[in-house]
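Here is a short tour for a reader new to this structure. Look at the chain below before reading on.

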Amino acid sequence: MTTAAAERCTIAVSGMTCAACSGRVQRALEHAPGVEAASVNLVTATATVDYDAGATSPARLIDAVRGTGYGAELPAPARDRAAELARRDAAAGDEAVVLRRKFVLSAIASVATMALGMSSMGMPGDWSRYVLLALTIPVVGWAGRHFYTRAWNAFRHHGADMNTLIAVGTGAAFLYSFFVTLAPGWLAARGIRPDVYYEAVTWIITLILLGNLLEARARRRTSDAIRRLANLRPPVARVVRDGVESEIPVDELRAGDDVLVRPGEKIPADGTIVDGRSTVDESMLTGEPLPVAKAAGDTVVGATLNRNGAFRFQVTRVGEAT
């Protein structure tokens, strides 16, 4: 239950990689003073917060998110949304390119370590251990470096996530193997076989990078779909304010505006019909090919197509709320 002074804001959150990350951000927001409800979406990397405007502000909510170790900022204004989507597309493309390079390097090193490990079985391994070490260092130091930096960042903020699991597992295996490589005789003298686990380190990082690469591609496709959906909106809306009809940019619409829609025009925003009747093509939203009859009291959705009638509707949602 929200109070009369409750407001809602959407915060763009960066750095989240798993459900544990989004859970930490959501708990931090829910426990922040003045917050009535919070929901964090890992896929869209956003947090939607209902808060008491008299007790807190978006700036304080952003500080609460940053206190968990993740980046946070308010979304761009509506008029800059196209530029923001383009920036996100470019960033997603750059991320996919870097991940692809890291994956290729890790995959080559993983195959090489596996082949070398199998060929040296049952043979004196001092020389092969150094070769395996040389193959593993680029994987740990470059391809998988972000796992360790993110795990350290989570540790500094008294948390743990998927990166912590990867860093602890591969880090322990690498450090033990490194010690075995430098001092195999010390372990052998104590009855411990001087085995190394470089192959496990490289393969774990390779498989996780493959998952990250597929995830980055999926996010890029999602961003492209959102941009194409946003482009379906008409650029202007015909509004009636103080009895005067005028055309204004869609981004300047406000909740409560009366908007006129003529036959063949796209509906500029979500709202409720107050006068007139028509049929509306909502196939872009529902997939249903037949137009839907609309009359006074019915709701309409932005970017759908008005067919053969004219009507006036009152805007109920604009911008990100549509």
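Which residue in β3 does Ser 39 stand opposite? The partner of Ser 39 is Thr 48.

## The model at a glance

This is a predicted model. The chain has 322 residues, and 35% of them count as buried. It holds nine helices and 13 strands.

Two further totals describe the chain. About 17,400 Å² is exposed, with carbon and sulfur atoms supplying 60% of that area. Take the contacts between residues with a separation of 6 or more: 65% of them come from residues 24 or more positions apart.

## An open sheet of four strands

Four strands make up an open sheet. Their order is β2-β3-β1-β4, and they pair in the antiparallel sense. At the edges lie β2 and β4 (71–73), each of which pairs on one side only. Between neighbouring strands of this sheet the turn is 25 degrees on average, with direction ignored.

Strands of a sheet pair through backbone hydrogen bonds, in a parallel or an antiparallel way. Between β2 and β3 the pairing is antiparallel and runs over six bridges. Ser 39 and Thr 48 of β3 stand opposite each other.

## Two helices on the sheet

Helix α1 packs on the sheet and touches β1, β2 and β3. The direction of α1 makes about 170 degrees with that of β2. Helix α2 packs on the sheet as well, touching β1, β2, β3 and β4. For α2, the angle of about 170 degrees is with the direction of β4.

Helix α1 spans residues 19–30, which gives it 12 residues. From first C-alpha to last it reaches 16 Å, close to the 16 Å expected at 1.5 Å a residue.

Which residues of α1 are buried? They are Cys 21, Ser 22, Gly 23, Arg 24, Val 25 and Leu 29. Their cover includes the strands β1 (6–14), β2 (35–41) and β3 (46–52). The helices α2 (58–66) and α5 (145–156) are also included in that cover.

## Aromatic rings

Now turn to the rings. A search of the whole structure finds six aromatic pairs. In one of them, Phe 174 and Tyr 198 have ring centres 6.1 Å apart. Why is this pair edge-to-face? The ring planes stand at 65 degrees, and the cut-off for edge-to-face is over 60, so the pair qualifies.

The pair links distant parts of the chain, 24 residues apart. Phe 174 sits in helix α6 (residues 162–182), while Tyr 198 belongs to helix α8 (residues 198–230). A relative accessibility of 16% means that Phe 174 counts as buried. Tyr 198 is buried too, with a relative accessible area of 1%. Ring pairs join Phe 174, Phe 178 and Tyr 198 into a cluster.

## Leu 133 beside the cluster

What does Leu 133 touch, leaving aside residues up to four places away in sequence? Its contacts are Phe 174, Phe 178, Thr 181 and Tyr 198. Three of these names, Phe 174, Phe 178 and Tyr 198, are those of the ring cluster.

Leu 133 is found in helix α4 (residues 126–143). Is Leu 133 buried or exposed? The relative accessible area of Leu 133 is 8%, so this residue is buried. Leu 133 and Thr 113 lie 20 residues apart in sequence. In space they are 9.1 Å apart, C-alpha to C-alpha.

Note on methods: Residues numbered from 1 in each chain as written. Predicted model: local features only at pLDDT ≥ 70, side-chain atom pairs only at ≥ 80, totals over all residues. Heavy atoms only, no water. Expected span 1.5 Å × (residues − 1). Buried < 20%, exposed > 50% of the residue type's maximum accessible area, 1.4 Å probe, protein only. Contact = heavy atoms within 4.5 Å. Areas by Shrake-Rupley, 256 points an atom, 1.4 Å probe, with all protein chains shown as cover. Pairing = 2+ DSSP bridges. Axes fitted to C-alpha atoms, helices over the stretch in contact; angles between N-to-C directions. Phe/Tyr/Trp six-rings, centres within 6.5 Å; stacked < 30°, edge-to-face > 60°.
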